[in-house]
Amino acid sequence: MLCTIRDCLKLPCLKNSKVIAGFTGLGSIVRSVSVMEFFSNDEFNDYTPNEIIITAFYSYSKDVNKQCEAIRYLKDTGAIALIIFYSTEIMGSISPQVCDLANTIGLPLIVLDDKKDRKVKYSDIIMQVTSMIYEHKDDSLNLVNIAKANLKDILIENRNFDSYIKTY
């Protein structure tokens, strides 16, 4: 099985987080996690499709237009979710305009609780999400290897494929 955003929300580092927008994107498959604190269109050439982005929106905490621009561009470059740290402390609150945009484009906005998650660090999320990705990747590879072995058995033994399927 591949790792989804919904799966990541079950990790200890995200247990107190809250999805505030972009719920339709929770089934997206996660391939990596990264950090973005300063926004420039040139920076995003370094991002990877199916990537969760961690930020505090520190450099433009009071600029809703810049936040929306970043969210739009992140989505266009393959980001699948945005985890926002210290939202109350740094931003005051998340703008309804930002939430509306995230809902429209299906980009989940995940906010950490400033009080409960104070001890959670960026590195905790990076490590736990990355571990989950590789754990799920191993499971997927095992399923592929089992399927290959079964197909090989069918070909070698010249079995009827339909009767082979019925045994499962």
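## Helix 4 and its ends

At the start of helix 4, the backbone nitrogen of Q97 has a side-chain oxygen of S95 within 3.0 Å. That is a good place to begin a tour of this structure, which is a predicted model. At the other end, just after helix 4, G106 adopts a positive phi of about 70°.

Which residues of helix 4 are buried? They are V98, C99, L101 and A102. These residues cover an arc of only 160° around the axis, so they sit on the same side of helix 4. On the other side of helix 4, P96 and T104 are exposed. The buried residues of helix 4 pack against strand 1, helix 2 and strand 5.

## The overall layout

Stepping back for a moment, the protein has 6 helices and 5 strands. Reading along the sequence, you will meet them in the pattern α-β-β-β-α-β-α-α-β-α-α.

How much of the protein is buried? Of its 168 residues, 44% are buried. Among contacts with a separation of 6 or more, 71% are between residues 24 or more positions apart.

## Helix 2, a partner of helix 4

Helix 2 runs over residues 64-76, and its length can be checked with a little arithmetic. Its 13 residues, at 1.5 Å a residue, should span 18 Å; the end C-alpha atoms are 18 Å apart, so the expected and modelled values agree.

The buried residues here are Q67, C68, A70, I71 and L74 of helix 2. Why do they count as one side of helix 2? Because they cover an arc of only 160° around the axis, they lie on the same side of helix 2. N65 and D76, in contrast, are exposed on the other side of helix 2.

The packing partners of the buried residues of helix 2 are strand 3 (51-55), strand 4 (79-84), helix 3 (87-91), helix 4 (96-105) and strand 5 (109-111). Helix 4 is thus in this list, and helix 2 is among the elements that the buried residues of helix 4 pack against.

The ends of helix 2 have their own details. D63 caps the N-terminal end, with a side-chain oxygen 3.2 Å from the backbone nitrogen of N65. N65 is also one of the exposed residues named above. Just after helix 2, G78 takes a positive phi of about 110°.

## The largest pocket

If you like to look for pockets, the largest one has a volume of about 150 Å³. Which residues line the largest pocket? The lining is made up of N16, K18, I20, S87, T88, I94, V111, L112, D113, D114 and K115.

Two elements stand out in this lining: strand 1 (18-21) and helix 3 each supply at least two residues. Strand 1 also packs against the buried residues of helix 4, and helix 3 packs against those of helix 2.

## Positive phi away from glycine

The two positive phi values above belong to G78 and G106. N50 has a positive phi as well, of about 65°, although N50 is not a glycine. Where does N50 lie? N50 is in the loop between strand 2 (32-35) and strand 3. With a relative accessible area of 24%, N50 is partly exposed.

Y86 is another residue that is not a glycine but has a positive phi, here of about 50°. Y86 belongs to the loop between strand 4 and helix 3. Its relative accessible area is 25%, so Y86 is partly exposed.

## Two buried residues toward the N terminus

S17 sits in the loop between helix 1 (5-8) and strand 1. Is S17 buried or exposed? Its relative accessible area is 17%, and under 20% counts as buried, so S17 is buried. A polar atom of the S17 side chain lies 2.6 Å from the backbone oxygen of L14.

T4 comes in the segment before helix 1. At 14% relative accessibility, T4 falls under the 20% cut-off and therefore counts as buried. Which residues does T4 contact, leaving aside its neighbours within four places in sequence? T4 is in contact with L26, G27, S28, I29 and V30.

Notes. Residues numbered from 1 in each chain as written. Predicted model: local features only at pLDDT ≥ 70, side-chain atom pairs only at ≥ 80, totals over all residues. Heavy atoms only, no water. Helix = DSSP H or I, 4+ residues; strand = E, 2+ residues; numbered from the N terminus. Expected span 1.5 Å × (residues − 1). Buried < 20%, exposed > 50% of the residue type's maximum accessible area, 1.4 Å probe, protein only. Arc of directions from axis to C-beta. Contact = heavy atoms within 4.5 Å. Polar contact = N/O pair within 3.5 Å; in protein donor to acceptor, adjacent residues only side chain to side chain. 1 Å grid on protein atoms, 1.4 Å probe; cavity = no way out; pocket = protein on both sides within 12 Å on 5 of 7 lines; lining within 4 Å. Points joined across faces, edges and corners; volume = space filled by probe spheres on them.
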